[in-house]
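Open the model in your viewer and get ready to click along. Each stop tells you what to select and what you will find there.

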Amino acid sequence: MKQTIPFFKTIAKSFNPLEYDELSDTSNKETTKYFFSYLFLGFVLLVLLLIPTFVSLTGQLESEFSKFDKLSLNIEHQMNEEANIEIAGRHLFRIDTRAKELNLTSETFLITSSYLYKENYKFPFSNEVKQIKLGEYKNLVDNKSFVSQLLTIISVLLMPSLLILGYGYLVIKYALIIIIASGLALILSRVLKFDITYLEILKICVFSTTPLILLDIIRVAFNFNFYYLNYAVYAIFVILGIGITGEFEERGVKKKRLKRRHKKDYVEIDHVKF
């Protein structure tokens, strides 16, 4: 009978390979739900840990621009119609260098041949449009503070899309790890005549991502270099989980394991009398 285990209790169990025999009996739906939920929780934690880095982004960019003695822009352009850039349904940029001056409409930034227009938010009263003459900002070093602030604003506006892409990337990454690890484990178990089903192996590989994701969060948030130790830990959890859940087949005896709830009781079909 398939089990439903509370989410946070499952997290605790996933850090103990001795519990993988029970976890491998979790339903397919609950296992999938756990994978996406735990990964999302880890992603949110990672974002929270990276907030201080993001807050200091403007200062970091300004510091890096200070390393240049000279850095200027000289762009040649010719347009036949205006260009619009939308990200996640938000009208971010409108570019029309055919005119010197235009009015800001629904976009956040408007660039003409001579000016950059941007909204200065003064909620809850009104929004003010700021007009910036581009010729004065061609030298990026002299205007590193403004350029750094502009890049930070753009990063903030892109953040929702970046978060969605980031979570999607992690789902694909760990799903591939699970598929590859379960495939290799299945091949080895059949070669070694180890009695365990593919579904059990697959679930063990899913729950083994629990420590792997935590180590990856620490690695990214605190800039630690584990030298692939995180993957070694994952492999150890998978191997221990499979070893505890399955068993070697006896020579000349074909066995079918009948798992009972919370118990490692097996029945050898050859010894059953009808």
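Here is a tour that starts with the whole chain and then moves to single places.

**Before you click**

This is a predicted model, where local features need pLDDT of at least 70, side-chain atom pairs count only at pLDDT 80 or more, and totals for chains, interfaces and linings use all residues. Residues are numbered from 1 along each chain as its sequence is written, and side-chain values use heavy atoms, with hydrogens and water left out.

**Stop 1: the whole chain**

Show the protein chain as a cartoon and you will see eight helices and seven strands. Helices (H or I, at least four residues) and strands (E, at least two) are DSSP runs, numbered from the N terminus.

Now switch on the surface. The protein chain exposes about 17,500 Å², and carbon and sulfur atoms supply 63% of that area. Accessible areas here come from the Shrake-Rupley method with a 1.4 Å probe, and for residues only the protein chains shown count as cover.

How much of the chain is buried? Of its 274 residues, 35% are. Buried means under 20% relative accessible area, exposed means over 50%, and partly exposed is in between (1.4 Å probe, protein chains only).

Contacts are worth a look too (heavy atoms within 4.5 Å). Among those between residues at least 6 apart in sequence, 53% join residues at least 24 apart.

**Stop 2: helix α6**

Select residues 198-207, which make up helix α6. Seven of its 10 residues are buried, so the rest of the structure largely encloses this helix. To pick them out, click Glu200, Ile201, Lys203, Ile204, Cys205, Val206 and Phe207.

Keep cysteine 205 selected and add alanine 175: they are 30 residues apart in sequence, and 9.8 Å apart in space, C-alpha to C-alpha. Alanine 175 lies in helix α5 and counts as partly exposed, at 26% relative accessibility.

**Stop 3: aromatic rings**

Next, show the side chains of Phe, Tyr and Trp. Rings (for Trp, its six-membered ring) pair if their centres lie within 6.5 Å; planes under 30 degrees apart count as stacked, over 60 as edge-to-face and the rest as tilted. By this rule there are 12 aromatic pairs.

Start with phenylalanine 7 and tyrosine 34, a tilted pair at 5.7 Å centre to centre, with 55° between the planes. This pair links distant parts of the chain: phenylalanine 7 is in helix α1 (residues 7-14) and tyrosine 34 in helix α3 (residues 28-55), 27 residues apart. Is each partner buried or exposed? Phenylalanine 7 is partly exposed, with a relative accessible area of 26%, while tyrosine 34 is buried, at 5%.

Move on to phenylalanine 40 and tyrosine 167. Their ring centres are 5.7 Å apart and their planes stand at 85°, so this pair is edge-to-face. Phenylalanine 40 sits in helix α3 and tyrosine 167 in helix α5 (residues 144-191), 127 residues apart. Phenylalanine 40 is partly exposed, with a relative accessible area of 47%.

Before leaving the rings, select Phe7, Phe8, Tyr34, Tyr38 and Phe207 together, as they form one aromatic cluster.

**Stop 4: the second largest pocket**

Where should you aim? Select Phe43, Leu46, Val47, Leu50 and Val220, the closest to the centre of the second largest pocket among the 23 residues that line it. About 490 Å³ of space lies in this pocket. On a 1 Å grid over the protein atoms alone, a pocket is an open set of points where a 1.4 Å probe fits, with protein on both sides within 12 Å along at least five of seven lines; lining residues have an atom within 4 Å of a point. Grid points are joined across faces, edges and corners, and the volume is the space filled by probe spheres set on the points.

Colour the lining by element: α3, α5 and α7 (209-221) each give two or more residues, and α3 gives the most, with nine.

**Stop 5: two loop residues**

Most residues other than glycine have a negative phi. Lysine 193, however, has a positive phi of about 55°. Find lysine 193 in the loop between α5 and β6 (194-195), where it is exposed at 54% relative accessibility.

Finish at tyrosine 228, whose phi is also positive, near 70°. Tyrosine 228 lies in the loop between α7 and α8 (229-245) and is exposed, with a relative accessible area of 67%.
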